[in-house]
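Visitor: I am new to this structure and would like a close look at a single part of it, the place where two helices pack together. Please take me through it slowly, and then through what surrounds it.

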Amino acid sequence: MTYTPFMPGFDQLPETLPIFPLSDAVVMPGSELPLNIFEPRYLNLVADAMSSHRMFGMMQPDPSKPDQPEAVYRTGCGGRITTYQETGDGRIELVLTGICRFDIRQEMASTRGYRLVMPDWEPYRTDFEASLTTAVEHRDRLIYLLKNYFNSTRLETDWKTVLRIPPDRLVNTLTTLLPLGSREKQAILEAISPQDRVDTLISALEMQTHESHDTPRH
């Protein structure tokens, strides 16, 4: 993936990280997630992030723990605020660019309303490796399912551009932007290798489009 000179290196990632729990929303490394911030605790989060490393982590609530409304999945992705705009009605509109995934090592005490964790970045060091230039298995199947998905949802895209995007970057972008379910997004987020992420996205698209698993893979 491509990083600008403003992005931190792996060894510069923060030791503590504010988190923003939000259902059906993930950011993946190298992808961009627009956010509209209006709750006071998250306005505090953004203000504190802007005054330090400009980073916070996107997490999804864990639906498998209905008796624990504050429970989140263990894995999220840290992103950097790359676009920031204050509005006249007290909101902040921003774009969060994904940097690196992490596991929650420990939750810390916080006095500003938002939650703060100690992230473990190490399992996802590969997020800093360059995009794959070689084909992954089942890429043709992925493109086939994407075309069916876009047709069924009446979404439009530039297929010439899509076909030029390296597979790992394509999967990361689609995971961030497509309206997949929270469990599907989380499964892709937690998949370590690019091949695993491709296969997990394929499974999610098959469920979304009710495609038969009998279609040959190439």
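**Two helices and the core**

Guide: In this predicted model, helix H2 passes helix H6 in a left-handed crossing, a term used when the near helix is turned anticlockwise from the far one by less than a right angle, clockwise being right-handed. Residues are numbered from 1 along each chain as its sequence is written, and because the model is predicted, local features need pLDDT of at least 70 and side-chain atom pairs count only at pLDDT 80 or more. Totals for chains, interfaces and linings use all residues, while side-chain values use heavy atoms, with hydrogens and water left out.

Two packed helices are described by the angle between their axes and the distance between the axes. Here H2 and H6, the latter spanning residues 194–209, pack at an angle of about 35° with their axes 10 Å apart, where the axes are lines fitted to C-alpha atoms over the stretch in contact and angles run from 0 to 180 degrees between N-to-C directions. Helices (H or I, at least four residues) and strands (E, at least two) are DSSP runs numbered from the N terminus.

On the H2 side, Arg141, Leu142, Leu145, Leu146, Asn148, Tyr149 and Ser152 take part, and they meet Val198, Leu201, Ile202, Leu205, Glu206, Gln208 and Thr209 of H6, contact meaning heavy atoms within 4.5 Å. By class, this contact has eight nonpolar, four polar and two charged residues; Ala, Val, Leu, Ile, Met, Phe, Trp, Tyr, Cys and Pro count as nonpolar, Asp, Glu, Lys and Arg as charged, and the others, Gly among them, as polar.

Leu142 and Leu146 appear again in the largest nonpolar core, which has 39 residues, and they are listed with Leu35, Phe56, Met58 and Leu94 as those with the most contacts inside it. Such a core is a set of buried Ala, Val, Leu, Ile, Met, Phe, Trp, Tyr and Cys residues joined through side-chain atoms within 4.5 Å, buried meaning under 20% relative accessible area, exposed over 50% and partly exposed in between (1.4 Å probe, protein chains only). The largest share of this core, six residues, comes from H2, which runs over residues 139–153.

Setting aside residues up to four places away in sequence, Phe56 touches Leu17, Pro18, Phe20, Leu35, Leu45, Cys77, Gly78, Gly79, Ile81, Leu94 and Leu96. Apart from the largest core lies another, of 15 residues, including Met55, Met59, Val72 and Trp121.
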